[in-house]
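Biologist: Please take a close look at one helix in this chain and the sheet it packs on. Then place that part in its wider setting.

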Amino acid sequence: MSLIKSGGCVKSALLFAAAVFAVAWAPRVALAQTTSMVASQAPAPIIQSIAVRGNQRIEPETVASYLPVQAGMPAEQELLDLSLKTLFNTGLFADVKLEMTPESVLVIDVRENPIVNRVIFEGNKRLKDDKITEEIQLAPRNVYTRSKVQSDVQRIIELYRAKGRFAATVTPKVKPLEQNRVDVIYEMDEGPRTGVAKVNFIGNEVFTDNELRGEILTKESRWWRFFSSNDNYDPDRLEYERELLRQFYSRNGYADFTVVSAVAELTPDRKKFFITFTVDEGPKYTVGEVDVKTTLAKLDDEVLERFVPIRSGQTFDGEKVEKAVESITFATGATGYAFVDVNPRLTRHPQSKTIDLTFQVNEGPRVYVDRINIKGNTRTLDKVIRREVRIAEGDAFNRVLVDRSKARVRALGYFREVEIEEKPGSAPDRTELDVTVQEQSTGSFSVGVGVSSTENFIVDLSIEERNLMGRGQFLRFRVQASSRTRAVDIRFTQPYFLDRNLAAGFSLFNQRTNFIESGFVRNRIGGGLNAGFQISEYGRAGINYLLTYDDVTIDSLTTQQLLATDDPLSILTPGAVPESILTTDANGLPLLNAGGNEIQIITANLCEFLVNALTPTCESRGKFLTSLVGANLSFNRLDDPIKPSRGWRAGLSVGVAGLGGDVNYYQAEFTGAYYKPLFGGFVGALKGRAGYIDGYAGDDVRLSDRFFEGASTFRGFEVAGVGPRYLTFVNSDTGRPDGQSIGGKAYAIGSAEILLPLPLPDEYGIRAALFTDFGTVGLVDDSTKALNDDPSFFLPFDPDGPDGPLPVEFLEPVQDDLALRVSAGVSVSWDSPFGPVRFDFAHILRKEDYDQTEGFRFSAGTNF
């Protein structure tokens, strides 16, 4: 009890003391509060001057220029706080302090961020240094900040995840250097590649899992997909695949289809993902009524309905709806309506499972192009791109012209990607166009080797630049050697000569070609000039001049027997000298024929024997100077210049030789192609070529100027294997008449192809097509057929073969049947890692007896 009392007394004493203290100090506290209020209401001191301390490379004036306060202004607390934030936001400083001295000097004490000396990557094998450099912020001579390093680390990790490496880690390190510089080092642990173990679908009843897997990009990891980059998990790709599935179902009538969820689960060992799509298919719809309603004065509903590729009763196809919008937009744009709003309205009828389509076409608000910005061209000059853009700043916006501009820029071949994006302009009725390109290599130094069924071997050395100095100029120097051809040529083209829409160029060449099939060798040296110009948006015209000097020779030696008493010069052309005359055998005994008469064997050039002098091959011997003036006209309405699937192209070229020189002829050639999408990704193509050449002023067409077709130009036939032929023997292997190809003055060859949509990724570079080639080659001059008037040149031929009865036919030596030939087959090409490879499998459906055929043709090569 005494302890409790004692405690109570102490507590009372403390309470009493606290009360006395509060009373004693109360006036003083009030006085302090009053003094503080008076001080806070006092005016801020005026800044007399500003001093900067701690700066090394940044001038004091530069630091002061960032401040919102200047000398002569009051040093208010709000302005000082804003100055502090402004200096930090520049990213130039690691630390900043502000201090007012008694002399009213504002002292700014800074510690500068270091400058990056080098950015070093360590441990990266799957990502190249230049690829990482393009994506990160820090670079040499940039200001170092921690925020940039953190951002770079995150971006590098994202790059690895896009490559399927989710276990990758990046550790940044900083190495201080003198003069406030640093080396930034990113150490990377790439980790194993994270594949896809399984792609599952839940809720699909109409289509199987395998069918849906074929519609998305992500593939399950398998050992044979070593070339593929889609057998890994990519979250960005997963979002895109939601849209791919929606498009697939929409094409097949399921307009209400939705992807409920797309989930990727990483296995415990962090090596693979399980990807699961949960879908809701909904009902299948057919098309009900299809209407087009428009307020455009120049077009009525019925005209626009012709451009809608959808009919009542068909299965609903969302892709066709989009194509209908594009077709209507293009049609209205072609008639002068640059601003059109096409709004497709879908009215669903769940009971009948039909969808009514109404395309509302109205004239939209006018929009004008404010600016055209060219981006991404690090090497190509802006003007090279701008001159291909079909719309100018200040013009009315036109979607057709924008799409055409994209196609023309892409057709240059200088860029890997071309995109044209619309952005808001300076006013509501203004827009900016960003033409963004991604440069690709346009120059090459290559040494190529290869083989083919026609050339046996090929060696090709080429130096080429398609975009010389970024000006769009073309320059090529090429040396080629093969079993039949040796050539050197140099070509140059300026696509916009004198900054006008006029292409101009020249060529110089020296070629030696062994026309084995015709028995002659041509050495040609020459040069040419050419110019081309635009005549319409899709058409070009050009003129050219070619001067060549040809030396056509027949180098083959042959022998003939003659009685020993006859004059050997009697069977040779005037002035000809035999290579040798043999009268005895190896034992020195006279040579005898089957009748026991002494003979002599004369060896001479093939064409020096009178019996051969009038043959088509020998008639073309000699040296000739050809002066050729030509013109050409072409139109191109293809949807894609690289891989067309729709549209057409056509070209016509004519030429006249005889304005000087030794040769007189005229010629014309036509080429054309038409592409059309079929179904299921198949593309149909019709191609055709035709040509005609004839002499004038008493000249016939020389053998080397005629048309020779076959191999790549007419699949299923050998080189120069189809067309007129000079028959000289019966082939013991085939039992058919054979001889030398003499070419024709006319040809017409067509091809019908179906380009196949292979179930292989595009990166494999494998393409295939079914084809049929059909056409004819023929017509020779009467002088060439002169041998047909001499029965001694006729070829004895037994259709039943050597074991049949005596020969029953004597064939005219010059065969010229302008008959139809037809072949069909499969063509497969592969852009392999080792170079291009091509296979042609052909079967002959119609031919002449003397045509030379081949069922398989192969070619391959590589560059290194």
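Modeller: Start with the length of α7. The helix has 17 residues, and at 1.5 Å a residue it should span 24 Å. Its end C-alpha atoms lie 25 Å apart, which agrees. This is a predicted model, so these are computed values.

α7 covers residues 235-251. Its buried residues are Arg237, Leu238, Glu241, Leu244, Leu245, Phe248, Tyr249 and Ser250. An α-helix has 3.6 residues a turn, so residues three or four places apart point the same way. Read the buried set with that in mind. Arg237 and Glu241 are among the buried residues, alongside Leu238, Leu244 and Leu245. After the helix comes glycine 253, with a positive phi near 100 degrees.

Now the sheet. α7 lies across β7, β8 and β9. Against β8 the helix runs at about 145 degrees. The three strands form an open sheet, ordered β7-β9-β8, with mixed pairing. β7 (195-202) and β8 (258-266) are the edge strands. Each has a single partner strand, so one side of each is left without a neighbour in the sheet. Neighbouring strands are turned by 15 degrees against each other on average, direction ignored.

One pairing can be followed to the residue. β7 and β9 (residues 272-280) run parallel and share seven bridges. Valine 196 has phenylalanine 273 in β9 as its bridge partner. Strands of a sheet pair through backbone hydrogen bonds, either parallel or antiparallel.

Next, the wider chain. The secondary structure comes to 13 helices and 39 strands. Of the 864 residues, 39% count as buried. Among contacts with a separation of 6 or more, 59% join residues 24 or more positions apart.

Salt bridges come next; the count is 37. One joins glutamate 187 to lysine 173, with the closest N and O atoms 3.1 Å apart. Glutamate 187 is in strand β6 (residues 181-189) and lysine 173 in strand β5 (residues 169-177), so the pair ties together parts 14 residues apart in sequence. Glutamate 187 is partly exposed at 26% relative accessibility. Lysine 173 is also partly exposed, at 39%.

A second bridge joins lysine 383 to aspartate 499, at 3.3 Å between the closest N and O atoms. This pair links distant parts of the chain, 116 residues apart. Lysine 383 is in helix α10 (residues 382-386), while aspartate 499 is in the loop between β19 (485-494) and β20 (502-515). Lysine 383 counts as partly exposed at 39% relative accessibility. Aspartate 499 is exposed, with a relative accessible area of 58%.

A third joins aspartate 816 to lysine 785, with the closest N and O atoms 3.5 Å apart. Aspartate 816 sits in the loop between β36 (814-815) and β37 (821-832), and lysine 785 in the loop between β33 (766-778) and β34 (795-797), so the pair ties together parts 31 residues apart in sequence. Aspartate 816 has 15% relative accessibility and counts as buried. The cut-off for that class is under 20%. Lysine 785 is partly exposed, at 29%. Salt bridges also form a network here, linking Lys131, Glu135, Arg155 and Glu158.

One more site is arginine 430. This residue belongs to strand β15 (residues 430-439). Arginine 430 is partly exposed, at 32% relative accessibility. Arginine 366 is 64 residues away in sequence, yet the C-alpha atoms of the two arginines are 8.8 Å apart. Leaving out residues up to four places away in sequence, arginine 430 touches Val367, Tyr368, Val369, Asp370, Pro424 and Gly425.

Last, confidence. The chain averages a pLDDT of 82, and 88% of the residues score at least 70. Over residues 1-40 pLDDT stays under 50, and the model has zero contacts there beyond four places in sequence. Residues 450-455 also stay under 50, but with 25 contacts beyond four places in sequence. Where pLDDT is low, the predicted coordinates should not be read in detail.

Key. Residues numbered from 1 in each chain as written. Predicted model: local features only at pLDDT ≥ 70, side-chain atom pairs only at ≥ 80, totals over all residues. Heavy atoms only, no water. Pairing = 2+ DSSP bridges. Helix = DSSP H or I, 4+ residues; strand = E, 2+ residues; numbered from the N terminus. Axes fitted to C-alpha atoms, helices over the stretch in contact; angles between N-to-C directions. Contact = heavy atoms within 4.5 Å. Buried < 20%, exposed > 50% of the residue type's maximum accessible area, 1.4 Å probe, protein only. Expected span 1.5 Å × (residues − 1). Salt bridge = Lys/Arg side-chain N within 4 Å of Asp/Glu carboxyl O. pLDDT = per-residue confidence, 0-100.
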